[in-house]
Structure formats: C-alpha cells, structure tokens
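I opened my notebook to get to know a new structure, a few places at a time. Here is what I looked up.

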Amino acid sequence: MKAKKIKVALLIGLMTLGTLANAQSVKASDEEVKKAKEWISTLELKDNAKEDRLVQVVATHLSLIKDWHNSHPATTVPAGINPLDGKPLSELHRQIIADSAMPSSIHQDLMSGLRKDLSEEQVALVLDKYTIGKVAFTMKGYQAIVPQMTAAETAEIQKLLEKAREQAVDYKSMKEISAIFEIYKTQAEQYLNNNGRNWRQMYADYTKKIKAEKAAKKQ
C-alpha cells in the first residue's frame with residue numbers, strides 16, 4: 001500500500017514537472033511581446049518587476065491561443081448543423097468550436113497571472129485591450145437604444161458584457177470575438193424582453209430616429 005502511494009506521488013510529481021516545463025518552453029514572438037508591453041505600459045505601474053511578469057503572462061497567453069488556433073482549423077470540426085436553428089454550421093461556427101476546445105488551464109493561467117499583480121479594475125483594462133473596448137462600446141449602444149435605462153438593467157447588461165469579454169480573450173480573430181459577444185448580447189436582449197421591454201420595438205424606434213436625424217441634416 002505504501003509503495004502504491006509513493007508511485008502515485010511520483011506520477012503526480014512528474015506530471016506537474018511536465019506541465020511546468022511545457023509552460024516554460026512557450027516562446028512568444030517579438031510581435032506578441034511588443035503587444036503585451038504596449039498593453040501593460042498603459043497601466044503606468046511604475047514597477048519594472050511587476051511589468052515584466054505581466055508582459056510574460058500576456059505574451060505567453062497570446063502565443064498559446066495563436067498556436068492552438070493555427071493547429072486547430074475549422075476543418076477539424078466536421079460539417080453539420082447548428083442544433084439551435086437547424087442551419088449548416090458556418091466556417092466561423094466551426095472555428096469557434098475548434099478554438100473553444102483549448103485547455104481551460106490556458107485561460108486560468110492568464111487570469112491568475114493578471115490577478116497576482118493587478119486589481120480587478122486593472123485586470124478589466126487589460127481584457128479591454130484584447131477586445132478593443134467592446135464592453136463600453138456595446139453598453140453605449142444599449143443606453144442609446146433603451147429609453148431611460150434603469151440601474152438594474154444597466155448592472156445586468158454590464159455583467160453579461162463582462163462575461164463576454166473574459167470569454168472572448170481566448171479567441172484569435174475579431175470575427176470570433178464579436179461572435180462571442182453576440183451570445184451575451186442575445187442574453188441581454190432576452191433579459192430586457194423578460195422584464196417588460198420589447199427589444200425589437202426599441203431597436204426599430206431607434207433606427208427610425210437615426211434615419212430621421214440623418215435626413216434632417218441633409219436638408
């Protein structure tokens with residue numbers, strides 16, 4: 001029994017060492033390091049050691065998602081239908097499925113690495129860099145479309161958009177990132193519909209208003 005425990009301990013130790021060795025072997029490209037440095041520099045941390053750690057965390061994550069994306073093209077997912085609507089899976093859908101199979105440890109390492117040295121507000125700023133500020137941009141759109149948006153509505157939609165942002169950072173292309181946000185935007189619109197709003201009507205009214213404003217400017 002004791003011998004078995006020792007073997008199990010050794011096996012776990014070897015697996016851990018293998019994981020660490022694999023993480024340390026990741027070599028980010030100059031472009032990825034440059035991007036990571038630019039993003040981290042905007043935080044103005046004034047702490048070289050902390051900045052170096054964060055650059056390594058972000059550059060490693062960028063490298064790993066690129067490698068996974070490049071080695072798992074859409075063609076690795078068989079053509080089929082979307083079970084939600086019965087329509088054929090698009091190439092984008094298949095690529096998202098392939099990329100979503102990336103080991104969760106890659107995302108966890110990014111988030112734990114950021115949170116080790118940053119506040120939640122600073123972590124959000126880094127995630128905004130990955131997603132080109134889509135949370136604030138999308139929220140601004142909702143505030144323009146939804147009349148007299150309440151604090152409760154704002155908080156719920158903000159929460160959904162922040163979930164979208166954190167999930168989207170693990171995808172390589174902007175098309176994929178936008179598609180991830182669409183998932184949560186649909187949830188936001190369902191939330192509004194379930195709480196006394198009519199999303200389709202509000203959107204139609206907003207579109208009509210914008211067209212009228214453009215027409216007035218041309219006169």
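**Entry: an acid in a loop**

I began with the side chain of Asp-170, which makes a polar contact of 2.8 Å with the side chain of His-107 (a pair of N or O atoms within 3.5 Å; within protein, one must be able to donate a hydrogen and the other to accept it, and residues adjacent in sequence count only if both atoms are side-chain atoms). I found another, of 2.7 Å, to the side chain of His-61. I noted that this is a predicted model, where local features need pLDDT of at least 70 and side-chain atom pairs 80 or more, while totals for chains, interfaces and linings use all residues. Residues are numbered from 1 along each chain as its sequence is written, and side-chain values use heavy atoms, without hydrogens or water.

Where does Asp-170 sit? I found it in the loop between helix H8 (151–168) and helix H9 (174–194); helices are DSSP runs of H or I, at least four residues, numbered from the N terminus.

**Entry: helix H5**

I then checked H5, residues 104–117. Its buried residues include His-107, Leu-110 and Leu-114 (buried means under 20% relative accessible area, with a 1.4 Å probe and protein chains only). The buried residues of H5 lie on the same side of the helix because they cover an arc of only 160° around the axis, taken from the directions from the helix axis to the C-beta atoms.

**Entry: Ile-157**

My last stop was Ile-157, in helix H8. Ile-157 is buried, at a relative accessible area of 0%. Its C-alpha is 5.7 Å from that of Ala-188, 31 residues apart along the chain.

Definitions and conventions:
Helix = DSSP H or I, 4+ residues; strand = E, 2+ residues; numbered from the N terminus. Buried < 20%, exposed > 50% of the residue type's maximum accessible area, 1.4 Å probe, protein only. Expected span 1.5 Å × (residues − 1).
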